[in-house]
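Work through the exercises below with the sequence and the coordinates open. Each task is followed by its solution in steps.

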Amino acid sequence: MDLKVLYKLTYGLYVVGAFKDGRAVGCVVNTCFQITNDVPRVAVALNKNNYTLEAVKENKRFSLSIIAEDTDPSVIGRFGFMSSRDTDKYEAFGMEVIDYVPCVKGKFCGRLIAEVEQTVDCSTHVLVIARVVDTVEGNGVPMTYAYYHNVIKGKEPKNAPTYRAEEAEVAAGPKRRFECDVCFYVAETDGSDLPEDFVCPVCGVDRSHFHEID
Ligand SMILES: Cc1cc2nc3c(=O)[nH]c(=O)nc-3n(C[C@H](O)[C@H](O)[C@H](O)COP(=O)(O)O)c2cc1C
């Protein structure tokens, strides 16, 4: 079976926000889709290792912020590659509480507030099925997963259901390649070192977090 065919499934990108023991936590997901319309419901797949799943199960209510093409990409770096277990992910961006759930501040296409109705155990992940109880308008063009990969050159961590193991081992090219140890973004140069003031375009860390690969 050629699992690469799965790469052709399309997705958007979202930030899930929830409270856990009074703290705002959250993570990036791509696996979100609408299920029903009359009573609007969405489903989100969350990895069992993600702290956000514990928060969603505990509070049964979460926000879903729809990432735009021009949302600050360091939101993806922070919410997608770090854990709320040991990081306050909202610190750098600010947070507002809407309908009792935390929402990261910034430019988003819109937000949904959802209440958990049921969860389905899917071995490594849990599918969370939730009723949409409120919406907040935003603006911008929704970022697709393809845009994230092709334009932002972003990757995903192992906890993402769509983690692409093969792509993590890309063939060596004639250029020099440097990988970020936080979000695995790969910067290419035409043979030179990374500039002193280089900053990761995805997660915002400085050059000291990059090491040469290949
Ligand atoms: C592009 C991208 C897509 C992701 N998609 C998912 C997803 O659909 N489900 C999931 O559980 N984790 C996904 N992740 C991984 C989580 O965001 C990541 O493991 C995060 O660090 C979990 O944080 P937490 O421990 O605070 O919950 C994705 C990450 C990225 C960068």
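**Exercise 1.** Where does Leu-6 lie?

*Solution.* The model is a predicted one. Leu-6 is found in the segment before β1. Next, take its accessibility: at 48% relative accessibility Leu-6 is partly exposed, because exposed requires over 50%. Finally, look at its partners: Leu-6 belongs to a nonpolar surface patch with Met-1, Leu-3 and Leu-9, and together the four have about 500 Å² of accessible area.

**Exercise 2.** Classify the aromatic pair of Tyr-11 and Tyr-145, and state which parts of the chain the pair ties together.

*Solution.* Two quantities are needed, since a pair of aromatic rings is described by the distance of the centres and the angle of the planes. The structure holds six aromatic pairs. For Tyr-11 and Tyr-145, the centres are 5.4 Å apart and the planes stand at 80°. An angle over 60 degrees counts as edge-to-face, so the pair of Tyr-11 and Tyr-145 is edge-to-face. Tyr-11 sits in the segment before β1 (14-20) and Tyr-145 in helix α3 (residues 145-150), so the pair connects parts 134 residues apart in sequence. As for burial, Tyr-11 is partly exposed at 22% relative accessibility, whereas Tyr-145 is buried at 4%. Tyr-148 joins these two residues in one aromatic cluster.

**Exercise 3.** Repeat the analysis for Phe-81 and Phe-184.

*Solution.* The ring centres are 6.0 Å apart and the planes are at 70°, so Phe-81 and Phe-184 form an edge-to-face pair. Phe-81 is in helix α2 (residues 74-81), while Phe-184 is in the loop between β10 (176-180) and β11 (186-189); the two are 103 residues apart. With 15% relative accessibility Phe-81 is buried, because the limit for buried is under 20%. Phe-184 has a relative accessible area of 33% and is partly exposed.

**Exercise 4.** Describe the surroundings of the ligand: how many residues surround it, and which are the closest?

*Solution.* Start with the shell: 28 residues surround the ligand, with Thr-31, Thr-52, Met-82, Ser-83 and Ser-84 the closest. Then assign the shell to elements: β2 (23-29), β4 (41-47), α1 (51-59), α2 and α3 each contribute at least two residues. β2 gives the most, with four.

Now list polar atoms:

- An N or O atom in the side chain of Asn-30 is 2.7 Å from a nitrogen atom of the ligand.
- A backbone N or O atom of Asn-47 is 2.7 Å from a ligand oxygen atom.
- A backbone N or O atom of Met-82 is also 2.7 Å from an oxygen atom of the ligand.

Last, the coverage: on its own the ligand has 650 Å² of accessible area, and the protein covers 98% of it.

Notes
Residues numbered from 1 in each chain as written. Heavy atoms only, no water. Phe/Tyr/Trp six-rings, centres within 6.5 Å; stacked < 30°, edge-to-face > 60°. Buried < 20%, exposed > 50% of the residue type's maximum accessible area, 1.4 Å probe, protein only. Patch = residues over 30% accessible without salt bridge, like charges linked within 9 Å, V, L, I, M, F, W, Y side chains within 5 Å. Areas by Shrake-Rupley, 256 points an atom, 1.4 Å probe, with all protein chains shown as cover. Salt bridge = Lys/Arg side-chain N within 4 Å of Asp/Glu carboxyl O. Near = heavy atom within 4 Å. Polar contact = N/O pair within 3.5 Å; in protein donor to acceptor, adjacent residues only side chain to side chain.
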